[in-house]
Amino acid sequence: MTRAAAIIIQDHHVALIRRQRNGRVYHIFPGGQVETGETSIQAVIREIQEELGLDFQPGALVAEVRHGSAMQLFYMGTVLGGEFGTGDGPELRGEYPPECGTYEPVWLPIDRLLKETVYPVSICGLLQTMQKEGWDGKTAYFED
């Protein structure tokens with residue numbers, strides 16, 4: 001399985017999805033599974049529209065994170081329009097069973113990434129480093 005996710009930063013905040021599930025609260029980067037017949041670029045554009053209500057133009061592939069047999073691809077990009085928090089994907093319309101928990105788009109300050117429960121942690125560390133030192137233009141690779 002491949003998941004495509006977006007790294008959207010504005011005013012030293014990063015867009016995340018706040019999840020409440022099985023008594024836990026945590027955050028994930030917006031994105032989702034690459035569907036059959038779709039590229040990872042197409043998937044991240046679709047997912048950001050569905051989850052955040054934003055028109056997203058993916059740019060550079062910033063990181064790849066492998067978790068077992070699953071791969072997550074993280075794209076930096078530009079918001080072209082839309083209104084944050086107006087996504088209408090199935091998870092936001094309440095179409096998933098209650099055991100799947102809740103999904104809420106939020107902005108989290110970058111300096112809070114390692115103080116909150118945010119997955120994957122490797123991307124949080126990378127973003128804090130990028131904020132201080134800039135990005136070297138190379139795709140980072142992590143095993144999670």
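Which side chain does the side chain of R3 join in a polar contact? The partner is Q72, at 3.3 Å; a polar contact is a pair of N or O atoms within 3.5 Å, where within protein one must be able to donate a hydrogen and the other to accept it, and residues adjacent in sequence count only if both atoms are side-chain atoms. This is a predicted model, in which local features need pLDDT of at least 70 and side-chain atom pairs count only at pLDDT 80 or more, while totals for chains, interfaces and linings use all residues. Residues are numbered from 1 along each chain as its sequence is written, and side-chain values use heavy atoms, with hydrogens and water left out.

**R3**
- R3 is buried (under 20% relative accessible area, 1.4 Å probe, protein chains only) and has no salt bridge, meaning a side-chain nitrogen of Lys or Arg within 4 Å of a carboxyl oxygen of Asp or Glu.
- The nearest side chain of opposite charge to R3 is E51, 5.2 Å away.

**A15**
- A15 counts as buried because its relative accessibility is 0%.
- Between A15 and W107 the C-alpha distance is 4.7 Å, although they are 92 residues apart in sequence.

**Nonpolar cores**
- The largest nonpolar core (buried Ala, Val, Leu, Ile, Met, Phe, Trp, Tyr and Cys residues joined through side-chain atoms within 4.5 Å) has 20 residues.
- Those with the most contacts inside this core are L16, F29, F74, L113, I123 and L127.
- Its largest share, five residues, comes from α2.
- A second, separate core of 16 residues includes A15, L54, Y75 and Y103.

Technical notes. Buried < 20%, exposed > 50% of the residue type's maximum accessible area, 1.4 Å probe, protein only. Lys, Arg positive; Asp, Glu negative; His and termini not counted. Helix = DSSP H or I, 4+ residues; strand = E, 2+ residues; numbered from the N terminus.
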